[in-house]
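Here is a short briefing to read alongside your model. It covers the packing inside, the empty space left over, and two residues with unusual backbone angles.

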Amino acid sequence: MSPFNPEAKVWMNGRLVPWKDANIPIASHVVHYGTSIFEGLRAYETPRGPALFRLDAHTRRLFNSCKIYRMTIPYTPDEFNRAVIDTVRANGFRSCYVRPLVYRGYGTLGVDPSPNPVDCAILVWEWGKYLGEEALEKGIDVKISTWQRMAPNTFPALAKAGANYMNSQLIKMEALLDGYAEGIALNVRGHISEGSGENLFLVLDGTAYTPPLSSSVLPGITRDSVMTLLRERGVPVVQDTIPREMLYIADEVFFTGSAAEITPIRSIDKITIGSGVRGPVAKMVQGDFFDVVNGRTPDRHGWLTFVA
């Protein structure tokens with residue numbers, strides 16, 4: 001069953017339109033060449049109404065990704081933020097997932113995208129836990145993928161581009177077909193990179209480790225938030241190259257991301273991680289994270305943008 005509401009409103013190029021009218025021509029450049037940049041963020045239900053988590057940071061990454069791909073968004077960041085807020089409000093959700101999208105539209109077909117217009121859209125829908133309701137507590141089983149992340153100077157890993165996610169699809173499909181919930185990709189040097197759509201942390205002897213941006217990882221906003229929360233709790237955080245085997249001997253491993261939020265990993269390649277259940281560090285940072293996004297504790301970092 002589709003998660004999308006046919007009665008929903010979609011923001012397209014400055015206007016809110018009915019879902020059924022949010023269409024693009026088949027000859028749009030994005031359909032043929034994958035020329036899209038996107039973001040994914042959540043609005044959480046709080047006592048003050050829906051609140052977008054780190055909207056400014058997501059919009060900044062969207063604009064940075066477009067800059068890398070020489071795409072000029074025809075709106076300012078403030079205008080784009082306002083469009084996101086207006087779209088969530090127009091759909092009346094208490095909580096939802098938000099997908100801002102910038103893409104090369106209808107003009108000409110050819111590898112050079114520059115003759116085509118840069119179009120923008122924002123869609124929202126109700127989306128539960130990406131890796132399952134039980135995953136946040138019980139953890140998931142994952143494998144090391146046979147597919148690697150893109151090599152430096154091939155695709156820009158710092159850009160959240162739709163074309164990059166063809167690589168992610170291969171990682172995800174392989175994992176599912178092999179009976180796992182998710183895959184972990186290595187980079188071209190054989191070091192840990194990230195999941196198909198998530199950043200990764202491991203905990204060993206009281207220190208949290210996460211791969212650096214040079215390991216072909218997306219600069220995740222939830223990743224950044226988790227590093228902040230861990231440090232506030234006195235947990236040292238190290239961004240360093242991680243060899244594959246370090247995962248197997250870790251006390252804890254968990255994914256982070258806007259969709260996955262903070263999801264523990266209980267086994268990798270059928271090797272039990274730690275005690276095989278959610279570890280104390282993951283549980284602690286989950287609690288701190290959800291307390292902030294659900295408005296149960298003060299928003300000390302200004303991470304929430306209220307829709308009402």
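To read the cavity lining by class, note that Ala, Val, Leu, Ile, Met, Phe, Trp, Tyr, Cys and Pro count as nonpolar, that Asp, Glu, Lys and Arg count as charged, and that the others, Gly among them, count as polar. Please keep in mind that this is a predicted model.

**The cavity**

- Rolling a probe the size of a water molecule over the atoms shows where empty space is left.
- The count comes to one cavity of 30 Å³ or more, and the largest cavity holds about 30 Å³ of space.
- Its lining is made up of Asp251, Glu252, Val253, Pro264, Ile265, Ile273, Val277, Arg278, Gly279 and Ala282.
- Sorted by class, that lining has six nonpolar, three charged and one polar residue.
- Strand E14 (252-257) and strand E15 (261-268) each give at least two residues to the lining of the largest cavity.

**The nonpolar cores**

- The largest nonpolar core has 26 residues, and Leu52, Ile73, Phe80, Val98 and Val102 are those with the most contacts inside it.
- At least two residues of this core come from each of strand E4 (41-46), H2, helix H3 (77-91), strand E6 (96-104) and strand E7 (118-125).
- H3 supplies the largest share of this core, with five residues.
- If you would like one residue to start from, try Phe80: leaving aside residues up to four places away in sequence, Phe80 touches Thr59, Leu62, Phe63, Ile73, Tyr75, Pro100, Val102, Cys120 and Ile122.
- There is also a second, separate core of 24 residues, which includes Val226, Met227, Phe289 and Val293.

**Two residues with positive phi**

- Arg54 is not a glycine, yet its phi is positive, at about 55°.
- You will find Arg54 in the loop between strand E5 (49-53) and helix H2 (55-68).
- With a relative accessible area of 14%, Arg54 counts as buried, because buried means under 20%.
- Asp269 is another residue other than glycine with a positive phi, near 55°.
- Asp269 sits in the loop between E15 and strand E16 (271-272).
- The relative accessible area of Asp269 is 22%, so Asp269 is partly exposed.

Definitions and conventions. Residues are numbered from 1 along each chain as its sequence is written. This is a predicted model: local features need pLDDT of at least 70, side-chain atom pairs count only at pLDDT 80 or more; totals for chains, interfaces and linings use all residues. Side-chain values use heavy atoms; hydrogens and water are left out. On a 1 Å grid over the protein atoms alone, a cavity is a set of points where a 1.4 Å probe fits but cannot get out, and a pocket is an open set with protein on both sides within 12 Å along at least five of seven lines; lining residues have an atom within 4 Å of a point. Grid points are joined across faces, edges and corners, and a volume is the space filled by probe spheres set on the points. Helices (H or I, at least four residues) and strands (E, at least two) are DSSP runs, numbered from the N terminus. Buried means under 20% relative accessible area, exposed over 50%, partly exposed in between (1.4 Å probe, protein chains only). A nonpolar core is a set of buried Ala, Val, Leu, Ile, Met, Phe, Trp, Tyr and Cys residues joined through side-chain atoms within 4.5 Å. Contact means heavy atoms within 4.5 Å.
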